[in-house]
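Hi,

Here is the structure I promised to pass on. My notes follow below it.

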Amino acid sequence: MAAPVTICDVGPRDGLQNEAETLAPEVRAELVNRLSASGLQSIEAVSFVRAESVPQMAGAEEVVAGIERQEGVAYSGLVLNEKGYERLAAAGLDAVHFTLGATDEFNRRNANRTVDESVAELERIETELPVSVSISVSFSCPFEGDVPPETVIALAERCVAAGAGEIVFADTIGVGVPRQARDLVERGKGLGVPVGVHLHNTRNTGFANAYAALEAGAEVFESSVGGLGGCPFAPRATGNIATEDLVFLLHGEGIETGIDLDALISVSEWLEGVLGRALPGQVYRAGASVG
């Protein structure tokens, strides 16, 4: 039904940035290592942002130093500007994940600059590393309301012109429905680069949106182990779609991911113990089979 897809687990970054507890860098590095052992080929390991803004992401360089690199795994870091990229390059990661919002108000709160200023930051990044750009609030903004798809695609075009080799449409506050996911991906296929989605299950539409995006030809899916996640700068933003739930869906549809689902479930079980509470994901609690 669909071409092979890449799943990028953003749990070590997006999953943990909304947690009340700040995990030590060595624990975050262990999470990355456990995820890579499950067969994931893409992991967003850290965020190079100011510690006072997102204290849960402090010590990014220490996390990277604790990663046991696995061949065939792309380890990326999130950046908002040229300074963040310089830290990423010095740390020696494999790929750049640049993020900006589709609206000025969200972007000001998240990155302290306008959308145009963020595009200018992207243009200043000169690198040989792969650059993926995630456009936050692509489906709707908590401050400015509905975001027309034409606005999102026009911004994506500017990002591609500025060096993006991949575009990810993010439903940051989890208000999207399948019609929107399908529409954005279909429009995005004309950008000439791989396109994907970053989905939250805040209103229980995340997996319906994932399936619609898959049917429309999405090649990249960002998800979080255990369904952790949320945005500190968006009111009531809750967890990402759970990686193990997404893998269960894709495997059931006959799409091979290269991921060992049982191993991935064990990562969520371990993380539940670390955080001391049940996680939002469902497959790790119900199991991968009915037997």
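Which residue of strand 2 does Asp-9 stand opposite? Asp-9 faces Ile-43. Before the rest, some ground rules: this is a predicted model, where local features need pLDDT of at least 70 and side-chain atom pairs count only at pLDDT 80 or more, while totals for chains, interfaces and linings use all residues. Residues are numbered from 1 along each chain as its sequence is written, and side-chain values use heavy atoms, with hydrogens and water left out.

Strand 2 covers residues 42–47 (strands are DSSP E runs of at least two residues, helices H or I runs of at least four, both numbered from the N terminus). Six of its six residues are buried (under 20% relative accessible area, 1.4 Å probe, protein chains only), so strand 2 is largely enclosed by the rest of the structure.

Strand 2 pairs (at least two DSSP bridges) in the parallel sense with strand 1, residues 6–9, over two bridges. With strand 3, residues 74–79, strand 2 also pairs in the parallel sense, over five bridges, and there Ser-47 stands opposite Leu-78.

Now for the second largest pocket (an open set of points on a 1 Å grid over the protein atoms alone, where a 1.4 Å probe fits, with protein on both sides within 12 Å along at least five of seven lines). Its volume, the space filled by probe spheres set on the points, is about 240 Å³. Of the 18 residues lining this pocket (an atom within 4 Å of a point), the closest to its centre are Thr-6, Ser-42, His-97, Glu-166 and Val-220. Strand 4 (95–101) gives the largest share of the lining, three residues.

Best wishes

How values were computed
Buried means under 20% relative accessible area, exposed over 50%, partly exposed in between (1.4 Å probe, protein chains only).
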